[in-house]
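Subject: Structure for your review

Dear colleague,

Please find below the structure that I am handing over to you. My notes on it come after the display.

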Amino acid sequence: PSQGITSTNNVATSQTATITCSDTEGMASYYWGTKSSPATSEFVSQTSNLSTTKTVNAAGTYYLVCKDKNGNSSSTNKTFYKTTFTMANGTVSPTSVITMNGNGFALPTPTATAGYTNKGAWYTSTAYSTSKGNYGATYKPTSSTTLYSTATAINYTIGYTMNGGTQGTNKPESGTYDSLVTIDNPSKTFTVNITNSASGTL
């Protein structure tokens, strides 16, 4: 029998595999699953040529075994990988992608937490040193793995309007989002001219 496995290539947590079996002498049964040597009881009766779809939502090697009515059989297999995404200081969707070996997909763009800005790429570890691609770049996995990205706190400029006063010693010029900065109280010298007719409140 002849056989085949193809798959959708979506950026999704599952893929739809199309499996086919055909034989000029007539089909008898088929097996689809993750066992390389399935038991006879695991085969599904199929008396005509087969073309159907199966959902793949887990990593692994999937086998298709086709048997014809004369007892002949043939098989093929495809491996599917799971890429998991872990985002610090933000969210990402989907959180994982199933991909058939040989296929690639566009790396997702995460959403940074308010006050943070995305780092711009996916990395092999939380050291964020070895990049596997920028957001939106095509990634073709060769194994199941976890990729990491992060967002960093935005740095804001601090400005001072003294109106004649003097800044204290501690006068930082910038600070990061959601962090504390210490600023000394400013000072100002007043000159007061007092006369006999002076009155009022200082």
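The notes below go from the whole chain to individual residues.

Please keep in mind throughout that this is a predicted model.

**Overall form**

The chain has 18 strands and zero helices. Its radius of gyration is 33 Å, whereas the globule rule gives 17 Å for 202 residues; the value is well over that figure, so the chain is more spread out than a compact globule. The C-alpha trace spans about 125 × 30 × 25 Å along its principal axes.

Of the 202 residues, 29% are buried. The exposed surface of the chain comes to about 12,000 Å², with carbon and sulfur atoms supplying 44% of it. As for contacts between residues at least 6 apart in sequence, 53% of them join residues at least 24 apart. The charged side chains number 11 positive and 7 negative, and the centres of these two sets lie 2 Å apart.

**The disulfide**

There is one disulfide in the structure. It links Cys-21 and Cys-66, with an S to S distance of 1.8 Å. Cys-21 belongs to strand S2 (residues 15–22) and Cys-66 to strand S6 (residues 60–68), so the bond ties together parts that are 45 residues apart in sequence. The torsion about the S-S bond is about -60°, and the disulfide is therefore left-handed. Both partners can be placed by their accessibility: Cys-21 counts as buried at 1% relative accessibility, and Cys-66 counts as buried at 0%.

**Gly-104 and Thr-99**

Gly-104 sits in the loop between strand S9 (96–100) and strand S10 (105–106). Is this loop residue buried or exposed? With 15% relative accessibility, Gly-104 counts as buried, because the cut-off for that class is under 20%. Apart from residues up to four places away in sequence, Gly-104 touches Asn-9, Thr-99, Thr-138, Tyr-139 and Lys-140. The C-alpha atoms of Gly-104 and Asn-10 are separated by 9.1 Å, although the two residues are 94 residues apart along the chain.

Thr-99, one of the residues that Gly-104 touches, lies in strand S9. Thr-99 is buried, with a relative accessible area of 1%. Leaving aside neighbours within four places in sequence, the contacts of Thr-99 are Asn-9, Thr-79, Phe-80, Tyr-81, Gly-104, Phe-105 and Pro-141. Asn-9 thus appears in the contact lists of both Gly-104 and Thr-99.

**Backbone details**

Three places in the backbone deserve a look.

- Ser-93 and Pro-94 are joined by a cis peptide bond, with omega about 0°. Pro-94 lies in the loop between strand S8 (90–91) and S9.
- Asn-89 has a positive phi of about 60° although it is not a glycine. This residue is in the loop between strand S7 (73–88) and S8, and at 35% relative accessibility Asn-89 counts as partly exposed.
- Asp-178, also a residue other than glycine, has a positive phi near 65°. Asp-178 is found in the segment after S18 and counts as exposed, at 70% relative accessibility.

**Ala-153 and Thr-161**

Ala-153 is part of strand S16 (residues 145–153). At 28% relative accessibility, Ala-153 counts as partly exposed. Which residues does Ala-153 contact, leaving aside its neighbours within four places in sequence? They are Gly-115, Tyr-116, Thr-176 and Tyr-177. Of these, Thr-176 falls within strand S18 (174–176). Tyr-81, which is in contact with Thr-99, is 72 residues from Ala-153 along the chain, and the C-alpha atoms of Ala-153 and Tyr-81 are separated by 33 Å.

Thr-161 is in the loop between strand S17 (155–157) and strand S18 (174–176). This threonine is exposed, with a relative accessible area of 69%. The C-alpha atoms of Thr-161 and Ser-2 are separated by 80 Å, and the two residues are 159 residues apart along the chain. That separation may be viewed beside the span of the C-alpha trace, about 125 × 30 × 25 Å along the principal axes.

With kind regards

Notes:
Residues are numbered from 1 along each chain as its sequence is written. Side-chain values use heavy atoms; hydrogens and water are left out. Helices (H or I, at least four residues) and strands (E, at least two) are DSSP runs, numbered from the N terminus. The radius of gyration is taken over C-alpha atoms; the globule rule is 2.2 Å times the number of residues to the power 0.38. Buried means under 20% relative accessible area, exposed over 50%, partly exposed in between (1.4 Å probe, protein chains only). Contact means heavy atoms within 4.5 Å. Accessible areas come from the Shrake-Rupley method with a 1.4 Å probe; for residues, only the protein chains shown count as cover. Lys and Arg count as positive and Asp and Glu as negative; His and the chain ends are not counted. The place of a charge is taken as NZ of Lys, CZ of Arg, CG of Asp or CD of Glu. A disulfide is a pair of cysteine sulfur atoms within 2.5 Å.
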